[in-house]
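Work through the exercises below with the sequence and the coordinates at hand, and try each task before reading its solution.

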Amino acid sequence: MIVFSLLYSISREYFVSIYRPIYWFMLVLLEMYAIYYLLRLMIKNEKIFLCILVIISIIGVGLITFKIGYGNKYYELFCLENLLKYFQFFSIGIVAKCYNNIYENVLKNSAINAIAIIAFVVAITLVRSYNAMECSPIIGGLMRSIVSRYAGLFIIVSLFYRYRDMFARNGLISRTMQLIGKRTIDIYMIHYFLLNYSSICVAKIMELNYIPFEIFGISVLALSNICICLLLSECIRNSKFLAKYLFGAKTA
């Protein structure tokens with residue numbers, strides 16, 4: 001994170017504000033693991049440990065919903081807004097892993113899937129409605145921070161779960177997605193250097209003012225950026241030293 005932040009700052013000919021880290025995800029991930037392992041050392045009982053994780057997540061949702069802590073320089077320095085936003089999903093993953101059978105039954109339940117789709121559509125509609133947001137900022141915050149995010153995530157995860165056999169066949173699509181999944185950190189680190197060019201392309205694509213063309217154009221741009229990032233990743237990974245200390249790759 002430190003190396004890529006410095007490179008990005010130099011390439012942009014300015015130093016990124018210390019209070020707004022460009023690579024915030026890496027900092028937040030470090031904080032998540034710090035909380036996780038600290039709790040693991042303190043709490044040996046599995047159920048109590050999971051309950052504490054869930055309680056922390058609920059408190060975090062409350063803090064971001066009511067915008068508590070916003071504007072504080074340390075709040076920005078440690079990216080606490082994003083920590084509170086995403087720690088809940090970190091916790092859900094741990095709970096789901098511990099109760100995998102229940103988790104799979106929930107994913108397969110058609111009624112729950114229907115509720116998730118309806119909830120997502122309603123939440124997004126309300127979030128996009130200026131009148132609804134103005135009438136009740138709290139409801140608007142709940143729709144944006146909780147309902148739309150949880151329902152949207154559930155829809156995507158259940159979709160992948162439904163077609164899990166296709167990914168198990170190890171076909172071209174499966175291998176490609178697995179490669180992208182394994183190189184997520186690489187792509188995340190490198191893609192910032194492509195954002196200026198991408199922004200120009202997006203502006204040109206949006207001038208088409210025709211949604212199907214816009215979707216197609218932005219999809220092609222996204223895939224192109226992924227390919228460029230993977231190519232640069234392969235070049236960097238030719239050095240075991242750089243692979244280890246820039247991307248955390250395991251070396252034999």
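The exercises that follow concern a predicted model.

**Exercise 1.** Determine what secondary structure the chain contains and what share of its residues is buried.

*Solution.* Counting the elements gives 15 helices and 0 strands. Turning to accessibility, buried residues account for 28% of the 252 residues in the chain. As for contacts with a separation of 6 or more, 65% of them join residues 24 or more positions apart.

**Exercise 2.** Locate E31, and establish which residues it touches and how far away the nearest side chain of opposite charge is.

*Solution.* Begin with the placement: E31 belongs to helix α2, which covers residues 24-42. Next, list the contacts of E31, leaving out residues up to four places away in sequence, and F78 and L83 are found. Finally, look for a charge partner: E31 is buried yet has no salt bridge, and K85, the nearest side chain of opposite charge, is 13 Å away. Because a salt bridge requires the nitrogen and the carboxyl oxygen to be within 4 Å, K85 does not form one with E31.

**Exercise 3.** Identify the residues of the nonpolar surface patch, and decide which helix gives the most to it.

*Solution.* The patch is formed by I156, L159, F160, Y163, M166, I173 and M177, which together have about 630 Å² of accessible area. Helices α9 (137-162) and α11 (172-182) each supply at least two of these residues, and α9 gives the most, with 3 residues. One member, M177, sits in helix α11, and it counts as partly exposed because its relative accessibility is 36%, a value to be set against the limits of 20% and 50%.

Definitions and conventions. Residues numbered from 1 in each chain as written. Predicted model: local features only at pLDDT ≥ 70, side-chain atom pairs only at ≥ 80, totals over all residues. Heavy atoms only, no water. Helix = DSSP H or I, 4+ residues; strand = E, 2+ residues; numbered from the N terminus. Buried < 20%, exposed > 50% of the residue type's maximum accessible area, 1.4 Å probe, protein only. Lys, Arg positive; Asp, Glu negative; His and termini not counted. Contact = heavy atoms within 4.5 Å. Patch = residues over 30% accessible without salt bridge, like charges linked within 9 Å, V, L, I, M, F, W, Y side chains within 5 Å. Areas by Shrake-Rupley, 256 points an atom, 1.4 Å probe, with all protein chains shown as cover.
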